[in-house]
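Visitor: Before we discuss this protein, may I see its sequence and model? I should like to learn what lies behind the terms applied to it.

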Amino acid sequence: MADDYVRRTAITRLSVDGEQRDLLEETISEWKRGCQIATDIAWGKCNAKSDVQPLAYDDVREQTDLGSQHAILATHQAAQAITGCIERRSKGKKVSKPTFTAPTVKYDTRTMTLFDDGTVSLSTTASRVRCDLALPDDDDGYQRQYLDSDEWSPTESTLTARDGDYFLHIGFRRHKTDAERNTAEDGTVLGIDLGIENLAVTSTAYFFSGRELAHDLHEFEKVRAGLQQTGTRSAHRTLEQSSGRELRYIRDVLHRASNAIVDEALRYECDVIAFEDLTHIRDRTGGSWGHKWAFRTLYEQVEYKAEAEGISVKQVGSAYTSTRCAECGFTADENRPTRNDFCCQKCESEANADYNAAKNIGMRYVRRGQQSSRRTGNSQLALKSGTVTPSGGFTAHPDGFEAEDTDKPHPPRAKSSD
(Lines give C-alpha, C1' and ligand atoms only; values in the text may rest on other atoms or scores of the structure.)
Protein backbone atom coordinates (compact mmCIF):
# COMPACT_ATOMS: atom_id res chain seq x y z
CA MET A 1 0.00 0.00 0.00
CA ALA A 2 1.21 3.52 -0.82
CA ASP A 3 0.35 4.68 2.71
CA ASP A 4 2.74 2.08 4.13
CA TYR A 5 5.77 3.96 2.79
CA VAL A 6 7.75 7.03 3.75
CA ARG A 7 8.75 8.90 0.59
CA ARG A 8 11.54 11.37 -0.09
CA THR A 9 12.99 13.17 -3.12
CA ALA A 10 16.69 13.83 -3.69
CA ILE A 11 17.45 16.45 -6.34
CA THR A 12 20.77 16.50 -8.18
CA ARG A 13 22.08 18.04 -11.37
CA LEU A 14 23.36 15.73 -14.09
CA SER A 15 26.73 16.13 -15.82
CA VAL A 16 25.99 15.49 -19.50
CA ASP A 17 27.94 15.83 -22.75
CA GLY A 18 26.61 17.15 -26.04
CA GLU A 19 25.30 13.85 -27.37
CA GLN A 20 23.61 12.97 -24.08
CA ARG A 21 22.05 16.44 -23.97
CA ASP A 22 20.53 15.95 -27.42
CA LEU A 23 19.11 12.54 -26.49
CA LEU A 24 17.57 13.83 -23.25
CA GLU A 25 16.10 16.84 -25.04
CA GLU A 26 14.56 14.61 -27.68
CA THR A 27 13.14 12.30 -24.99
CA ILE A 28 11.52 15.21 -23.17
CA SER A 29 9.96 16.42 -26.42
CA GLU A 30 8.60 12.97 -27.26
CA TRP A 31 7.37 12.51 -23.68
CA LYS A 32 5.28 15.66 -23.88
CA ARG A 33 3.85 14.51 -27.22
CA GLY A 34 3.06 11.08 -25.81
CA CYS A 35 1.25 12.50 -22.78
CA GLN A 36 -0.76 14.80 -25.03
CA ILE A 37 -1.71 12.02 -27.43
CA ALA A 38 -2.93 9.84 -24.55
CA THR A 39 -4.87 12.75 -23.05
CA ASP A 40 -6.50 13.65 -26.37
CA ILE A 41 -7.68 10.05 -26.78
CA ALA A 42 -8.89 9.53 -23.20
CA TRP A 43 -10.37 12.98 -22.47
CA GLY A 44 -14.09 12.61 -21.81
CA LYS A 45 -13.91 8.83 -21.97
CA CYS A 46 -11.89 7.54 -19.03
CA ASN A 47 -9.34 8.58 -16.43
CA ALA A 48 -8.10 5.49 -14.56
CA LYS A 49 -4.65 4.11 -15.37
CA SER A 50 -6.19 0.72 -16.08
CA ASP A 51 -8.50 2.29 -18.69
CA VAL A 52 -6.24 4.90 -20.31
CA GLN A 53 -3.31 2.55 -20.89
CA PRO A 54 -5.10 -0.03 -23.11
CA LEU A 55 -6.98 2.75 -24.91
CA ALA A 56 -4.01 4.98 -25.78
CA TYR A 57 -0.84 2.86 -25.55
CA ASP A 58 -0.73 1.69 -29.18
CA ASP A 59 -1.22 5.22 -30.50
CA VAL A 60 1.52 6.60 -28.26
CA ARG A 61 3.91 3.90 -29.46
CA GLU A 62 3.07 4.44 -33.12
CA GLN A 63 3.12 8.23 -33.11
CA THR A 64 6.20 8.84 -30.92
CA ASP A 65 9.71 7.48 -30.51
CA LEU A 66 9.11 6.55 -26.87
CA GLY A 67 10.08 3.07 -25.71
CA SER A 68 7.41 0.70 -24.45
CA GLN A 69 7.82 1.51 -20.75
CA HIS A 70 7.90 5.26 -21.31
CA ALA A 71 4.75 4.94 -23.45
CA ILE A 72 3.06 3.21 -20.49
CA LEU A 73 4.23 5.94 -18.12
CA ALA A 74 2.89 8.59 -20.51
CA THR A 75 -0.58 7.02 -20.39
CA HIS A 76 -0.37 7.02 -16.58
CA GLN A 77 0.63 10.69 -16.60
CA ALA A 78 -2.35 11.47 -18.82
CA ALA A 79 -4.66 9.60 -16.44
CA GLN A 80 -3.31 11.57 -13.49
CA ALA A 81 -3.84 14.89 -15.27
CA ILE A 82 -7.39 13.98 -16.31
CA THR A 83 -8.23 12.84 -12.77
CA GLY A 84 -7.01 16.18 -11.40
CA CYS A 85 -9.35 18.00 -13.78
CA ILE A 86 -12.29 15.84 -12.73
CA GLU A 87 -11.60 16.58 -9.06
CA ARG A 88 -11.43 20.34 -9.70
CA ARG A 89 -14.64 20.18 -11.75
CA SER A 90 -16.41 18.38 -8.89
CA LYS A 91 -15.62 21.41 -6.73
CA GLY A 92 -17.31 23.74 -9.19
CA LYS A 93 -14.17 24.94 -10.93
CA LYS A 94 -13.95 25.44 -14.67
CA VAL A 95 -11.47 23.06 -16.30
CA SER A 96 -10.18 22.38 -19.80
CA LYS A 97 -8.30 19.49 -21.35
CA PRO A 98 -4.74 19.28 -19.96
CA THR A 99 -1.81 20.35 -22.11
CA PHE A 100 1.77 19.26 -21.51
CA THR A 101 4.39 21.98 -21.89
CA ALA A 102 6.70 21.46 -18.90
CA PRO A 103 10.21 20.27 -19.89
CA THR A 104 10.06 17.06 -17.84
CA VAL A 105 9.92 13.30 -18.28
CA LYS A 106 9.07 10.58 -15.77
CA TYR A 107 11.33 7.63 -14.97
CA ASP A 108 10.78 4.44 -12.99
CA THR A 109 12.98 1.51 -11.98
CA ARG A 110 12.69 0.02 -15.48
CA THR A 111 13.83 3.17 -17.26
CA MET A 112 16.39 4.40 -14.69
CA THR A 113 19.23 2.62 -12.89
CA LEU A 114 21.36 4.12 -10.12
CA PHE A 115 24.92 2.86 -9.68
CA ASP A 116 27.20 2.86 -6.64
CA ASP A 117 29.82 4.92 -8.50
CA GLY A 118 27.57 8.00 -8.50
CA THR A 119 26.22 7.57 -12.03
CA VAL A 120 22.74 6.98 -13.41
CA SER A 121 21.55 5.22 -16.55
CA LEU A 122 18.48 6.71 -18.23
CA SER A 123 16.40 5.40 -21.11
CA THR A 124 15.99 7.78 -24.05
CA THR A 125 14.29 7.59 -27.43
CA ALA A 126 17.42 6.06 -28.98
CA SER A 127 19.55 4.34 -26.36
CA ARG A 128 20.42 4.53 -22.70
CA VAL A 129 22.72 7.29 -21.51
CA ARG A 130 24.92 6.92 -18.44
CA CYS A 131 25.95 10.17 -16.81
CA ASP A 132 27.39 11.42 -13.54
CA LEU A 133 25.28 12.78 -10.70
CA ALA A 134 26.81 16.17 -9.82
CA LEU A 135 26.79 15.46 -6.09
CA PRO A 136 28.14 17.80 -3.38
CA ASP A 137 30.94 16.71 -1.07
CA ASP A 138 30.17 13.90 1.37
CA ASP A 139 29.68 16.22 4.32
CA ASP A 140 27.53 18.68 2.39
CA GLY A 141 25.00 16.65 0.43
CA TYR A 142 21.71 15.39 1.83
CA GLN A 143 21.29 13.14 -1.22
CA ARG A 144 23.82 10.59 0.04
CA GLN A 145 21.70 9.55 3.00
CA TYR A 146 19.33 8.00 0.44
CA LEU A 147 21.77 6.98 -2.28
CA ASP A 148 24.11 5.17 0.13
CA SER A 149 21.37 3.54 2.22
CA ASP A 150 20.09 -0.02 1.98
CA GLU A 151 16.93 1.13 3.73
CA TRP A 152 15.79 3.51 0.95
CA SER A 153 14.81 2.18 -2.50
CA PRO A 154 14.54 4.22 -5.72
CA THR A 155 11.05 4.74 -7.07
CA GLU A 156 9.40 6.99 -9.68
CA SER A 157 11.59 9.99 -10.51
CA THR A 158 11.40 13.07 -12.74
CA LEU A 159 13.98 14.58 -15.08
CA THR A 160 13.63 18.36 -15.52
CA ALA A 161 15.42 20.70 -17.93
CA ARG A 162 16.12 24.20 -16.64
CA ASP A 163 18.32 26.95 -18.06
CA GLY A 164 20.42 24.50 -20.07
CA ASP A 165 20.93 22.13 -17.13
CA TYR A 166 19.23 18.81 -16.33
CA PHE A 167 18.06 18.00 -12.82
CA LEU A 168 16.99 14.55 -11.69
CA HIS A 169 14.40 14.49 -8.90
CA ILE A 170 15.07 10.98 -7.61
CA GLY A 171 12.21 9.41 -5.68
CA PHE A 172 13.02 7.13 -2.73
CA ARG A 173 10.83 5.18 -0.36
CA ARG A 174 11.13 2.96 2.70
CA HIS A 175 8.61 1.05 4.77
CA LYS A 176 7.12 2.94 7.70
CA THR A 177 8.03 1.84 11.20
CA ASP A 178 5.29 0.75 13.59
CA ALA A 179 5.56 4.09 15.36
CA GLU A 180 5.12 5.97 12.07
CA ARG A 181 2.07 3.88 11.15
CA ASN A 182 0.46 4.84 14.43
CA THR A 183 1.17 8.58 14.16
CA ALA A 184 -1.96 10.50 15.05
CA GLU A 185 -3.75 12.42 12.30
CA ASP A 186 -5.78 14.33 14.85
CA GLY A 187 -4.77 16.56 17.73
CA THR A 188 -3.25 20.03 17.61
CA VAL A 189 -2.59 21.38 14.12
CA LEU A 190 -0.02 23.96 13.04
CA GLY A 191 -0.98 25.77 9.83
CA ILE A 192 1.77 26.92 7.42
CA ASP A 193 1.52 29.51 4.64
CA LEU A 194 4.37 29.76 2.09
CA GLY A 195 5.16 32.85 0.08
CA ILE A 196 7.70 35.25 -1.38
CA GLU A 197 7.84 38.13 1.14
CA ASN A 198 7.57 35.64 3.98
CA LEU A 199 8.95 32.22 3.10
CA ALA A 200 6.87 30.62 5.84
CA VAL A 201 4.33 31.90 8.36
CA THR A 202 2.74 29.69 11.03
CA SER A 203 -0.68 29.87 12.62
CA THR A 204 1.20 30.64 15.85
CA ALA A 205 2.43 33.89 14.25
CA TYR A 206 6.03 32.84 13.61
CA PHE A 207 7.41 34.62 10.52
CA PHE A 208 10.41 33.34 8.55
CA SER A 209 11.41 36.06 6.08
CA GLY A 210 11.65 35.18 2.41
CA ARG A 211 13.65 38.24 1.37
CA GLU A 212 17.04 36.52 1.70
CA LEU A 213 15.89 33.59 -0.43
CA ALA A 214 14.24 35.83 -3.07
CA HIS A 215 17.37 37.99 -3.32
CA ASP A 216 19.68 34.97 -3.63
CA LEU A 217 17.52 33.29 -6.27
CA HIS A 218 17.43 36.52 -8.30
CA GLU A 219 21.19 37.04 -8.08
CA PHE A 220 21.99 33.45 -8.96
CA GLU A 221 19.65 33.63 -11.96
CA LYS A 222 21.45 36.76 -13.24
CA VAL A 223 24.86 35.14 -12.85
CA ARG A 224 23.71 31.95 -14.56
CA ALA A 225 22.17 33.85 -17.47
CA GLY A 226 25.39 35.83 -18.01
CA LEU A 227 27.59 32.76 -17.96
CA GLN A 228 25.31 30.86 -20.32
CA GLN A 229 25.33 33.76 -22.75
CA THR A 230 29.15 33.77 -22.72
CA GLY A 231 29.18 30.13 -23.78
CA THR A 232 32.92 29.49 -23.31
CA ARG A 233 34.36 26.35 -21.71
CA SER A 234 35.64 28.46 -18.84
CA ALA A 235 32.18 29.97 -18.37
CA HIS A 236 30.68 26.47 -18.32
CA ARG A 237 33.07 25.41 -15.53
CA THR A 238 32.21 28.57 -13.61
CA LEU A 239 28.51 27.83 -14.14
CA GLU A 240 28.92 24.36 -12.63
CA GLN A 241 30.70 25.82 -9.61
CA SER A 242 28.08 28.57 -9.27
CA SER A 243 25.23 26.03 -9.42
CA GLY A 244 26.84 24.04 -6.61
CA ARG A 245 27.25 27.12 -4.45
CA GLU A 246 23.69 28.16 -5.22
CA LEU A 247 22.23 24.86 -4.11
CA ARG A 248 24.29 24.78 -0.91
CA TYR A 249 23.43 28.38 -0.01
CA ILE A 250 19.71 28.03 -0.68
CA ARG A 251 19.57 24.69 1.12
CA ASP A 252 21.07 26.38 4.17
CA VAL A 253 18.19 28.88 4.16
CA LEU A 254 15.66 26.07 3.75
CA HIS A 255 17.39 24.03 6.46
CA ARG A 256 17.02 26.91 8.92
CA ALA A 257 13.40 27.48 7.90
CA SER A 258 12.45 23.81 8.25
CA ASN A 259 14.11 23.62 11.67
CA ALA A 260 12.19 26.71 12.77
CA ILE A 261 8.86 25.21 11.65
CA VAL A 262 9.46 21.91 13.43
CA ASP A 263 10.65 23.75 16.56
CA GLU A 264 7.45 25.78 16.50
CA ALA A 265 5.38 22.60 16.23
CA LEU A 266 7.25 21.09 19.18
CA ARG A 267 6.90 24.26 21.26
CA TYR A 268 3.12 24.26 20.83
CA GLU A 269 2.88 20.46 21.18
CA CYS A 270 1.40 20.00 17.71
CA ASP A 271 0.55 16.59 16.30
CA VAL A 272 0.15 17.70 12.68
CA ILE A 273 1.75 20.34 10.45
CA ALA A 274 -0.58 21.38 7.62
CA PHE A 275 0.70 22.98 4.40
CA GLU A 276 -1.30 24.20 1.45
CA ASP A 277 -1.34 21.96 -1.64
CA LEU A 278 1.90 22.70 -3.51
CA THR A 279 0.67 21.66 -6.97
CA HIS A 280 0.04 25.16 -8.33
CA ILE A 281 1.92 27.21 -5.75
CA ARG A 282 4.10 28.97 -8.34
CA ASP A 283 0.99 30.43 -10.01
CA ARG A 284 -0.55 31.45 -6.68
CA THR A 285 2.54 33.17 -5.33
CA GLY A 286 3.94 34.57 -8.56
CA GLY A 287 7.28 33.01 -7.69
CA SER A 288 10.00 31.86 -10.06
CA TRP A 289 10.85 28.27 -11.00
CA GLY A 290 13.44 28.46 -8.24
CA HIS A 291 10.80 29.38 -5.70
CA LYS A 292 8.66 26.40 -6.71
CA TRP A 293 11.66 24.12 -6.19
CA ALA A 294 12.41 25.83 -2.85
CA PHE A 295 8.83 25.41 -1.60
CA ARG A 296 8.85 21.72 -2.50
CA THR A 297 12.26 21.19 -0.90
CA LEU A 298 11.20 23.02 2.27
CA TYR A 299 8.12 20.81 2.52
CA GLU A 300 10.22 17.66 2.14
CA GLN A 301 12.71 18.82 4.77
CA VAL A 302 9.92 19.59 7.24
CA GLU A 303 8.32 16.24 6.45
CA TYR A 304 11.28 14.07 7.38
CA LYS A 305 12.33 16.21 10.35
CA ALA A 306 8.79 16.30 11.75
CA GLU A 307 8.18 12.60 11.26
CA ALA A 308 11.35 11.90 13.25
CA GLU A 309 9.58 13.73 16.11
CA GLY A 310 6.32 11.81 15.63
CA ILE A 311 4.56 14.73 13.93
CA SER A 312 2.51 14.16 10.76
CA VAL A 313 2.87 16.53 7.79
CA LYS A 314 -0.12 16.97 5.47
CA GLN A 315 -1.30 19.10 2.55
CA VAL A 316 -4.76 20.63 2.14
CA GLY A 317 -6.48 22.53 -0.65
CA SER A 318 -5.43 26.14 -1.05
CA ALA A 319 -8.62 27.63 -2.53
CA TYR A 320 -9.60 30.95 -0.91
CA THR A 321 -7.13 30.65 1.97
CA SER A 322 -5.75 34.08 1.07
CA THR A 323 -9.12 35.84 0.80
CA ARG A 324 -11.11 34.09 3.54
CA CYS A 325 -11.32 35.70 6.96
CA ALA A 326 -9.98 33.32 9.58
CA GLU A 327 -12.16 35.01 12.20
CA CYS A 328 -15.65 35.00 10.65
CA GLY A 329 -15.27 32.96 7.45
CA PHE A 330 -16.33 35.75 5.08
CA THR A 331 -14.57 35.36 1.73
CA ALA A 332 -13.97 38.15 -0.77
CA ASP A 333 -11.10 39.44 -2.89
CA GLU A 334 -11.59 42.85 -1.29
CA ASN A 335 -10.52 41.37 2.06
CA ARG A 336 -6.92 41.56 0.85
CA PRO A 337 -6.34 45.16 -0.30
CA THR A 338 -2.55 44.72 -0.48
CA ARG A 339 -0.09 41.84 -0.61
CA ASN A 340 0.67 42.05 3.11
CA ASP A 341 -2.59 43.28 4.63
CA PHE A 342 -5.85 41.52 5.37
CA CYS A 343 -8.95 43.45 6.41
CA CYS A 344 -12.28 41.61 6.55
CA GLN A 345 -15.05 43.64 4.89
CA LYS A 346 -17.62 41.96 7.13
CA CYS A 347 -16.25 41.71 10.68
CA GLU A 348 -13.46 44.30 10.17
CA SER A 349 -10.83 41.97 11.62
CA GLU A 350 -7.33 43.02 10.54
CA ALA A 351 -4.23 40.83 10.29
CA ASN A 352 -1.10 40.19 8.30
CA ALA A 353 -2.35 38.47 5.13
CA ASP A 354 0.09 35.55 5.36
CA TYR A 355 -0.77 34.96 9.02
CA ASN A 356 -4.47 34.95 8.18
CA ALA A 357 -3.79 32.40 5.41
CA ALA A 358 -1.77 30.17 7.75
CA LYS A 359 -4.71 29.99 10.15
CA ASN A 360 -7.08 29.15 7.28
CA ILE A 361 -4.80 26.36 6.08
CA GLY A 362 -4.55 24.82 9.54
CA MET A 363 -8.29 25.14 10.18
CA ARG A 364 -9.07 23.51 6.84
CA TYR A 365 -7.22 20.39 7.99
CA VAL A 366 -9.08 20.51 11.32
CA ARG A 367 -12.46 20.72 9.56
CA ARG A 368 -11.62 17.81 7.28
CA GLY A 369 -11.15 15.65 10.36
CA GLN A 370 -14.79 16.24 11.22
CA GLN A 371 -15.80 14.87 7.82
CA SER A 372 -13.40 11.91 7.69
CA SER A 373 -14.26 8.37 8.76
CA ARG A 374 -10.54 7.67 9.32
CA ARG A 375 -10.08 10.43 11.89
CA THR A 376 -11.71 11.15 15.22
CA GLY A 377 -12.54 14.76 14.39
CA ASN A 378 -11.00 15.86 17.69
CA SER A 379 -8.55 18.43 16.35
CA GLN A 380 -7.86 22.05 17.14
CA LEU A 381 -5.79 24.77 15.53
CA ALA A 382 -2.66 26.03 17.29
CA LEU A 383 -2.51 29.81 17.74
CA LYS A 384 0.01 31.93 19.57
CA SER A 385 -2.51 32.53 22.35
CA GLY A 386 -4.12 29.09 22.58
CA THR A 387 -6.05 26.55 20.52
CA VAL A 388 -9.35 27.02 18.72
CA THR A 389 -11.92 24.65 17.22
CA PRO A 390 -14.18 25.25 14.17
CA SER A 391 -17.13 26.00 16.45
CA GLY A 392 -15.19 28.82 18.10
CA GLY A 393 -14.20 26.95 21.26
CA PHE A 394 -11.03 28.55 22.59
CA THR A 395 -8.50 27.25 25.13
CA ALA A 396 -5.82 29.68 26.24
CA HIS A 397 -2.20 28.61 26.55
CA PRO A 398 -0.60 28.66 30.01
CA ASP A 399 0.98 31.91 31.14
CA GLY A 400 4.03 32.85 29.16
CA PHE A 401 2.51 32.72 25.68
CA GLU A 402 1.93 36.14 24.17
CA ALA A 403 -1.42 36.64 22.44
CA GLU A 404 -1.92 38.26 19.06
CA ASP A 405 -4.73 40.79 18.74
CA THR A 406 -6.45 38.65 16.12
CA ASP A 407 -6.22 35.56 18.32
CA LYS A 408 -8.83 36.75 20.81
CA PRO A 409 -11.65 34.24 21.33
CA HIS A 410 -14.85 34.85 19.44
CA PRO A 411 -18.40 33.70 20.23
CA PRO A 412 -19.40 30.40 18.61
CA ARG A 413 -20.71 30.84 15.07
CA ALA A 414 -22.46 28.68 12.55
CA LYS A 415 -20.15 26.48 10.55
CA SER A 416 -19.42 27.78 7.08
CA SER A 417 -18.76 25.46 4.17
CA ASP A 418 -15.10 24.90 3.30
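**Strand 6 and its surroundings**

Guide: Let us begin with one pair: Tyr107 has Ser157 of strand 6 as its bridge partner. The model is a predicted one.

Visitor: What makes strand 2 and strand 6 a pair?

Guide: Pairing requires at least two bridges between the strands. Strand 2 (residues 104-107) and strand 6 are joined by four bridges, in the antiparallel sense, so they qualify as paired.

Visitor: How do you know that strand 6 and strand 7 pair?

Guide: Strand 6 shares eight bridges with strand 7 (residues 165-175), again in the antiparallel sense. Pro154 lies opposite Phe172 of strand 7. The hairpin of these strands has two residues between them, and Asp163 adopts a positive phi near 50° there.

Visitor: Why is strand 6 called largely enclosed?

Guide: A residue is buried when its relative accessible area is under 20%. Seven of the ten residues in strand 6 (residues 153-162) are buried, so the rest of the structure largely encloses this strand. Across the protein chain, 49% of the 418 residues are buried.

Visitor: What makes a set of residues a nonpolar core?

Guide: The members are buried residues of kinds such as Leu, Ile and Phe, joined through side-chain atoms within 4.5 Å. The largest such core has 77 residues; among those touching the most other members are Leu14, Ile273 and Phe275. Helix 1 (residues 18-42) supplies its largest share, nine residues. At least three residues come from each of domain 1 (5-175) and domain 2 (183-396). A second, separate core of 15 residues includes Ala274 and Tyr355.

Conventions. Residues are numbered from 1 along each chain as its sequence is written. This is a predicted model: local features need pLDDT of at least 70, side-chain atom pairs count only at pLDDT 80 or more; totals for chains, interfaces and linings use all residues. Side-chain values use heavy atoms; hydrogens and water are left out. Buried means under 20% relative accessible area, exposed over 50%, partly exposed in between (1.4 Å probe, protein chains only). Domain bounds come from an automatic or database domain assignment.
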